[in-house]
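Student: I'm new to this structure and would like a close look at just one part of it. Could you pick a single piece and walk me through it?

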Amino acid sequence: MKLSSICVHGAIDKNNRTGSLAVPIYQSATYAHPGVGQSTGYDYARVQNPTREALEGLMAALEGGRYALAFSCGMSAMDAAMTLLAPGSHVICTEDLYGGSVRLLSVLKQRLSFDVECLDTNDQTALQKALRPETAAIFIETPSNPTMRVTDIAAVRRTVGSDVKIIVDNTFLTPIFQRPLEFGADMVLHSGTKYLGGHNDTLAGFLIGNDLDDEEKLRFVTKTVGSGLTPFDSFMIIRGLKTLDLRMKKSQENALQIAVFLSHHPKVTKVRYPGLTDHPGRDISFRQTVGFGGMLSFSVDSKETAEKALERVKLILFAESLGGTETLITYPFLQTHADVPSETRARLGIDDKLLRLSVGIEDLEDLMADLTQALA
Ligand SMILES: *Cc1c(COP(=O)(O)O)cnc(C)c1O
């Protein structure tokens, strides 16, 4: 099946005896045993529940992995992934990561003596130089957040060899546009809160990969600490995923037009969107992805213009998060990236003139009209 069909048909309830089309919400904390030493396959919902299991099968199919685990949110998925690394590990990551990932890595730096090194993960020379015997993992966001820089995953694989675990946060493009396991990544991470759920109403996270030893260790984590996704939220994400393909394409269509519109706007000094012809990551994008996504960022001429735009938007909402049906505008400097060290922010251009748009699926003319009045 193609991905759009998997989105619609890929969640399978192995226990279905009724013909129910929707995977039911198995809202049970515990499960009865048929006999001593026997199990239906479900014992206690912290370990596994049928709704989550159907969702995990669907996500494994979409990313092309042998396993998938669903977590209570993206950050708990990342926290679980980091348990695979020994204390004292050297971890390399993309410079402009999601702020929450930066915060978690800095906690692990203190608690487990991780040595965290942020660099341009598409600079293979810098990456080669940074490698050490203790380098355990490289954590990549591509396109990055919010400066939309693209990393060539296959090139990273060639540079780091086979001993370093490559983890790719695929939240921005989703498997509809990019499948990192096909380019040599070991593990894919998602905030399912964003495009996968798609309606700004449910938190979720995922880890997908091929190494079944990793899967066993990760299942031990969810069973032990209870970070797995609840039955109700699993149902919500299955429901959202049915329209993932449609939503990704519509928001990309809108995003491309808005990127072009903004790049001609007199108050806009720079637009970052991989679909624009002058974007430095465009060639890699053509090799590695089948779409540019619905995320873009842009710089305006002054802090005042940025603040006014945030106050004036009407249809577009000034809110954190991304990937939903609604178009959202964020101010990375004060919101998502407030925890990034100020010298890094300055170097990357995450300043008080930078705005980020998560383009939704509204009518394009309505979005253009709102941006026009907000920037006037
Ligand atoms: C939101 C986000 C996360 C964290 O996910 P939560 O579901 O909010 O915990 C991680 N990575 C990226 C790129 C995100 O946008």
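Tutor: Sure, let's take helix 2, which is mostly covered: 11 of its 14 residues are buried. Keep in mind that this is a predicted model. The helix runs over residues 50-63, and from its first C-alpha to its last it reaches 20 Å, close to the 20 Å expected at 1.5 Å a residue.

Which residues are buried? The list opens with Pro50, Thr51 and Arg52, goes on through Ala54, Leu55 and Glu56, then Leu58, Met59 and Ala60, and finishes with Leu62 and Glu63. Charged names such as Arg52, Glu56 and Glu63 are on that list alongside Leu55, Leu58 and Leu62. As a help in reading such a list, an α-helix has 3.6 residues a turn, so residues three or four places apart point the same way.

Now look at the two ends. At the start, Asn49 brings a side-chain oxygen to within 3.2 Å of the backbone nitrogen of Thr51. Thr51 is itself one of the buried residues. At the other end, just after the helix, Gly64 takes a positive phi of about 70 degrees.

To place this in the chain, note the division into domain 1 (3-241) and domain 2 (245-374). The contact between them takes 39 residues from domain 1 and 42 residues from domain 2. On the domain 1 side, the elements giving two or more residues to that contact are helix 1 (3-9), helix 4 (99-111), helix 6 (153-160), helix 7 (174-177) and helix 9 (231-241).

Terms used:
Residues are numbered from 1 along each chain as its sequence is written. This is a predicted model: local features need pLDDT of at least 70, side-chain atom pairs count only at pLDDT 80 or more; totals for chains, interfaces and linings use all residues. Side-chain values use heavy atoms; hydrogens and water are left out. Helices (H or I, at least four residues) and strands (E, at least two) are DSSP runs, numbered from the N terminus. The expected span of a helix is 1.5 Å times one less than its number of residues. Buried means under 20% relative accessible area, exposed over 50%, partly exposed in between (1.4 Å probe, protein chains only). A polar contact is a pair of N or O atoms within 3.5 Å; within protein, one must be able to donate a hydrogen and the other to accept it, and residues adjacent in sequence count only if both atoms are side-chain atoms. Domain bounds come from an automatic or database domain assignment. Contact means heavy atoms within 4.5 Å.
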